[in-house]
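Me: Please walk me through this one a piece at a time. I'll ask short questions as I look, and I'd like the reasoning before each answer.

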Amino acid sequence: MKEICDVVVHPFPPLFDENSKILILGSFPSVKSREQCFFYGHPQNRFWKVISKVFDAELPVTIEQKRRFLLENNIALWDVIASCNIKGSSDSSITDVTANDLGLILDSSKVERIYVNGKTAEKYYIKYIQPKILRPAVCLPSTSPANAACSQQRLIDEWRAAIRLEK
């Protein structure tokens, strides 16, 4: 019997400003992130620990600190998927994808580089977004707790190498 997934619409806007130079795209927000209406809200997701180390910064804790950290470091944050059928937070259950339109961010900022956080984001980016905007994205290892095989230090090293290398 096939499991029924719920149709979920992305509940919050992208974070960026006119000075954003780096765009990091996740796949779709987790249940915790949807509840908080902000990115990477699950306490076991390592995104904030990794990105703060990449930029040699103090770990942002509150949503306001996270917003400020991103904008001060010229980082835009968004997700590839605008809506989909999904069971809980399970990327493997995602079907019926509608992609986000990156036009607003790309037209209103100085984004030079696009990164995707993990293979799911990469898969949907290549399928739905890259053909429209004709810009490749660099795939970074996922910060999700589901990627437990990848240590936090390895994530930091690989993210730092990719992001800092191009600075």
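Me: What relative accessibility does Glu64 have?

Reply: Happy to help! This is a predicted model, so local features need pLDDT of at least 70, side-chain atom pairs count only at pLDDT 80 or more, and totals for chains, interfaces and linings use all residues. Residues are numbered from 1 along each chain as its sequence is written, and side-chain values use heavy atoms, with hydrogens and water left out. With a 1.4 Å probe and protein chains only, buried means under 20% relative accessible area, exposed over 50% and partly exposed in between; Glu64 counts as partly exposed, at 47%.

Me: Which residue forms a salt bridge with Glu64?

Reply: A salt bridge here is a side-chain nitrogen of Lys or Arg within 4 Å of a carboxyl oxygen of Asp or Glu. Glu64 and its partner both lie in helix α3, four residues apart, about one turn of the helix; helices (H or I, at least four residues) and strands (E, at least two) are DSSP runs numbered from the N terminus. The partner is partly exposed as well, with a relative accessible area of 40%. The closest N and O atoms are 3.8 Å apart, and the residue that meets Glu64 is Arg68.

Me: How far apart are the closest N and O atoms of Arg154 and Glu158?

Reply: An α-helix has 3.6 residues a turn, so residues three or four places apart point the same way. Arg154 and Glu158 fit that spacing, four residues apart in helix α6 (residues 152–165). Arg154 is partly exposed at 42%, and Glu158 is partly exposed at 32%. They form a salt bridge whose closest N and O atoms lie at a distance of 2.7 Å.

Me: Which residue does Glu122 meet in a salt bridge?

Reply: This pair sits in helix α5, three residues apart, about one turn of the helix. The N to O distance is 3.4 Å. The partner of Glu122 counts as exposed, at 61% relative accessibility, and its name is Lys119.

Me: How many salt bridges does the rule give?

Reply: We have now met several of them, including Glu64 with Arg68 and Arg154 with Glu158. By this rule the count comes to five.

Me: What arc do the buried residues of α3 cover?

Reply: In α3 (residues 63–72), the buried residues are Lys66, Phe69 and Leu70. They lie on the same side of the helix because the arc they cover around the axis, taken from the directions from the axis to the C-beta atoms, is only 95°. Their cover includes α2 (47–54) and β3 (75–79), counting heavy atoms within 4.5 Å as contact. So the arc of these buried residues is only 95°.

Me: How many of the eight residues of α2 are buried?

Reply: The buried residues of α2 are Phe47, Trp48, Val50, Ile51, Ser52 and Val54. The helix is largely enclosed by the rest of the structure, because the buried residues among its eight number six.

Me: Which residue takes a positive phi just after α2?

Reply: Most residues other than glycine have a negative phi, and most peptide bonds are trans. The residue here has a phi near 50°, and its place is in the loop between α2 and α3. It is exposed, with a relative accessible area of 62%, and it is Asp56.

Me: Which strand holds Asp96?

Reply: Asp96 also has a positive phi, about 50°, although it is not a glycine. It is exposed, with a relative accessible area of 59%. Asp96 lies within residues 95–99, which form strand β5.

Me: Which element gives the largest share of the lining of the largest pocket?

Reply: On a 1 Å grid over the protein atoms alone, a pocket is an open set of points where a 1.4 Å probe fits, with protein on both sides within 12 Å along at least five of seven lines, and lining residues have an atom within 4 Å of a point. The largest pocket holds about 570 Å³, the space filled by probe spheres set on its points, which are joined across faces, edges and corners. Of its 29 lining residues, the closest to the centre are Ser27, Asn45, Asp91, Ser142 and Ser144. The elements giving two or more residues are α5 (119–133) and β7 (138–140), and the largest share, three residues, comes from α5.

Me: What volume does the second largest pocket have?

Reply: Its lining includes Tyr40, Trp48, Pro60 and Lys66. The second largest pocket has a volume of about 170 Å³.
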